Amino acid sequence: MTGDPELAPILQFTDVRLAFAGVRAIDGITFHVEPSELFAIIGPNGAGKTSIFNVLSGVYRPQAGEVSFAGQSLLGRRPHQIARLGLARTFQNVELFANLTVLENLMLGRHHHIAYGPLSALVWLGRARRAEVANRAAVEEIIDFLELEQWRRLPVGMLPFGIQKRVELGRALAMQPKLLLLDEPVGGMNVEETEDMARFILDIREELDIPVILVEHDMGLVMDLADRVLVVDFGRPVATGKPGEIQHHPEVIRAYLGEVSTT
Amino acid sequence: MRDSYAGRLQRRATTRRPLLHTSYRSDMALLNTRAKRYAVLALLLVGMSLPFLLPDAFLTELAGGSAYAIGAIGLMLLTGFAGQISLGHAFFAGVGFYTAAVISGDPDGRALGFGVTEILIWLPAAGLVAAAAGALVAPLATRLRGLYLAIVTLGLVFVGERVFAQWSAVTGGGSAGRPPPTVRLFGYRLDADGAFTKPQQLFWLMLVLLVVFAVVARNLARSNVGRAFTAIRDRDIAAGVIGVNLTKQKTVAFAISSFYAGCAGALFYTTVLNVNPNQFNLFLSVLFIVMVLIGGVGTISGAIAGAFLIALLPRFTDALAEWLPFISTRPQDVLNDSVTRFVLYGLLIIGFLLFEPRGLVGIWSRIRNWWTTFPFSY
């Protein structure tokens with residue numbers, strides 16, 4: 001399922017370098033993501049995985065390199081412009097709007113699909129109401145897809161962590177993205193919640209056909225789901241390949257377990 | 001289609017079970033339960049009949065409370081929803097007031113005036129000029145956050161106070177002041193005794209305007225724009241990543257909030273005879289913040305409740321001075337009624353922040369929950 005080789009990659013990340021003062025967070029990483037591919041990025045803590053996501057979503061600006069998404073350069077664009085191009089993400093530590101309900105959080109995912117301006121909003125009747133009702137219907141489909149019905153009207157701050165992660169995935173899906181970035185979707189979850197999330201990620205691929213970049217520490221999940229894996233360490237690429245190859249790659253083993261003593 | 005089987009079913013479902021919504025539209029309606037509809041209707045009827053029940057002095061205070069409430073709703077949109085702490089609200093109220101006063105002012109008077117006394121002209125103009133001023137200040141908010149924005153907007157009030165005091169052609173000067181805008185609605189003079197007394201007419205005017213401004217603000221709050229405001233308030237980085245244009249939404253928030261402030265400034269002083277430019281000082285800004293805090297951050301009804309509490313506080317301190325012999329009504333005494341009022345403002349802020357951070361709305365929702373779960377309330 002590595003996608004049609006004749007199609008251009010949806011994302012091309014070329015030799016990107018990002019440094020904070022002396023710390024090189026990303027030090028020359030290159031990869032690409034095929035249309036409808038599930039691409040995983042793994043590596044020890046502090047390896048630069050989340051920095052890659054922050055470069056992609058426009059939160060950080062790299063000093064060098066090139067990032068092109070669906071044929072357009074992402075560098076120099078602001079986060080909301082990148083979101084409009086069709087790039088959606090979730091965060092390692094859930095970044096939901098805790099005071100808002102599940103419905104409102106998902107409606108916020110629809111933000112750039114709702115075209116009316118402040119003046120129509122003030123009047124409400126007519127244009128604004130039509131758009132709200134239509135987008136509410138779209139959001140309800142996602143609630144149905146992720147089985148969030150029973151929490152619909154609760155403020156997300158009151159929900160258990162596993163459900164919050166699912167709501168955040170829902171908010172990203174509500175954006176109707178062309179590429180989905182998942183930052184540790186099962187981090188801190190128990191076995192049951194992890195299995196639920198794995199099922200949703202598979203559903204996203206099969207029913208919605210959205211390519212995914214997955215950053216995750218749960219190796220079982222990565223090896224089961226990913227088409228290709230990129231291993232990074234200290235901001236540098238260690239290896240790229242199919243899950244089976246990566247598992248036995250000597251460099252990868254060294255990055256995770258340390259130098260093998262030869263004496 | 002009304003007589004189809006499905007239509008009959010739906011009609012029966014909605015008439016016999018009013019809480020069952022069969023369309024997103026009815027689910028998302030502002031007054032989506034029967035209880036809310038009746039409560040709002042009752043509140044409006046009581047409000048409209050108050051001029052026949054209360055003395056004129058009280059009505060004047062309530063009219064002022066309505067004008068305050070319009071201003072507080074504006075600050076609520078900016079601070080309570082969009083999370084941009086602004087101490088500059090008094091400045092925008094001043095801009096609105098002087099716009100209205102100049103447009104409706106006496107052309108032969110001491111200060112500049114164009115003699116257009118129709119409220120339907122000077123009120124929107126006051127709001128629009130203030131909104132333009134707000135939009136000009138908004139770029140600051142895109143660069144600064146939290147306390148830094150508060151400090152910069154504080155500077156705005158000081159600059160504004162100085163300009164208002166010096167620009168005597170418009171404001172009448174620091175010591176003299178100028179009369180407030182004249183209120184005519186379709187040619188009928190409202191701020192002079194006519195078919196009803198001046199306080200009665202102004203009270204009705206302010207109440208109707210408050211309802212309009214509140215409904216419109218509520219619409220904004222529940223719309224895509226209002227959701228974007230709360231997103232910026234709660235997590236601005238995540239808001240950007242999901243597609244909210246921070247610069248644009250902060251500008252919209254500042255402009256709309258200033259529109260409300262401008263209208264409030266223009267309306268509030270119509271009950272008095274002369275307005276001194278030092279009215280639009282830091283204290284007025286702080287008063288608006290107090291209304292928002294006491295009412296309950298993040299709710300339009302909270303802004304209204306907070307505004308009326310502040311507007312009626314003088315009445316309370318006057319009553320207190322009557323009952324407590326150590327509070328005097330003479331201005332030269334240390335503990336007089338206006339000092340008591342300031343102390344009460346302070347105590348109210350501290351008390352609410354400590355014991356009920358959700359404000360008056362929080363108290364109300366607690367009472368409501370107690371009743372809905374009765375007799376199993378804990």
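These exercises work through a predicted model, chain by chain and then pair by pair.

Local features need pLDDT of at least 70 and side-chain atom pairs count only at pLDDT 80 or more, while totals for chains, interfaces and linings use all residues. Residues are numbered from 1 along each chain as its sequence is written, chains are lettered from A and ligands numbered from 1 in the order in which they are written, and side-chain values use heavy atoms, with hydrogens and water left out.

**Exercise 1. Describe the overall build of chain B.**

Step 1. Take the secondary structure. Chain B has 16 helices and two strands. Helices (H or I, at least four residues) and strands (E, at least two) are DSSP runs, numbered from the N terminus.

Step 2. Take the extent. The C-alpha trace of chain B spans about 75 × 50 × 50 Å along its principal axes.

Step 3. Test the globule rule. The radius of gyration is taken over C-alpha atoms, and the rule is 2.2 Å times the number of residues to the power 0.38. For 378 residues, a compact globule would come near 21 Å; chain B has 22 Å, which agrees.

Step 4. Check burial. Buried means under 20% relative accessible area, exposed over 50%, partly exposed in between (1.4 Å probe, protein chains only). In chain B, 49% of the 378 residues count as buried.

Step 5. Check contact range. Contact means heavy atoms within 4.5 Å. Among contacts in chain B between residues at least 6 apart in sequence, 71% join residues at least 24 apart.

Step 6. Look at the surface. Accessible areas come from the Shrake-Rupley method with a 1.4 Å probe; for residues, only the protein chains shown count as cover. Chain B exposes about 18300 Å², and carbon and sulfur atoms supply 68% of it.

**Exercise 2. Which residues make the nonpolar surface patch of about 570 Å²?**

Step 1. Apply the rule. Patch residues have over 30% relative accessible area and no salt bridge; like charges are joined within 9 Å, nonpolar side chains (Val, Leu, Ile, Met, Phe, Trp, Tyr) within 5 Å.

Step 2. List the members. They are Phe326(B), Val334(B), Leu335(B), Val339(B), Val343(B) and Leu347(B).

Step 3. Place one of them. Val343(B) sits in helix 15 (residues 337-355) of chain B. Its relative accessible area is 44%, so Val343(B) is partly exposed.

**Exercise 3. What covers the buried residues of helix 3 of chain A?**

Step 1. Count. Seven of the eight residues in helix 3 (residues 102-109) of chain A are buried.

Step 2. Name them. They are Val102(A), Leu103(A), Asn105(A), Leu106(A), Met107(A), Leu108(A) and Gly109(A).

Step 3. Find the cover. It includes helix 5 (127-145) and helix 6 (161-174) of chain A, together with helix 10 (224-234) of chain B.

**Exercise 4. Is Met223(A) buried or exposed?**

Step 1. Locate the residue. Met223(A) belongs to helix 8 (residues 219-225) of chain A.

Step 2. Apply the cut-off. Relative accessibility is 18%, so Met223(A) counts as buried.

Step 3. List its contacts. Not counting residues up to four places away in sequence, Met223(A) touches Pro243(A), Ile246(A) and Gln247(A).

**Exercise 5. Analyse the salt bridges of Asp27(A) and Arg228(A).**

Step 1. Set the rule. A salt bridge is a side-chain nitrogen of Lys or Arg within 4 Å of a carboxyl oxygen of Asp or Glu. The count over all chains is 23.

Step 2. Take Asp27(A). Its side chain meets that of Arg17(A) at 3.0 Å, N to O. Asp27(A) is in strand 2 (residues 23-33) and Arg17(A) in strand 1 (residues 11-20) of chain A, so the pair ties together parts ten residues apart in sequence. Asp27(A) is buried at 11% relative accessibility, whereas Arg17(A) is partly exposed at 37%.

Step 3. Take Arg228(A). Its closest N and O atoms with Glu37(A) are 2.5 Å apart. Arg228(A) lies in strand 9 (residues 228-233) of chain A and Glu37(A) in the loop between strand 2 and strand 3 (38-42), so the pair ties together parts 191 residues apart in sequence. Both Arg228(A) and Glu37(A) are buried.

**Exercise 6. Where do Asp196(A) and Arg199(A) lie?**

Step 1. Find the pair. Asp196(A) and Arg199(A) form a salt bridge, with the closest N and O atoms 3.4 Å apart.

Step 2. Place both. They are three residues apart in helix 7 (residues 191-208) of chain A, so about one helical turn separates them.

Step 3. Check exposure. Asp196(A) is partly exposed at 23%, and Arg199(A) is partly exposed at 36%.
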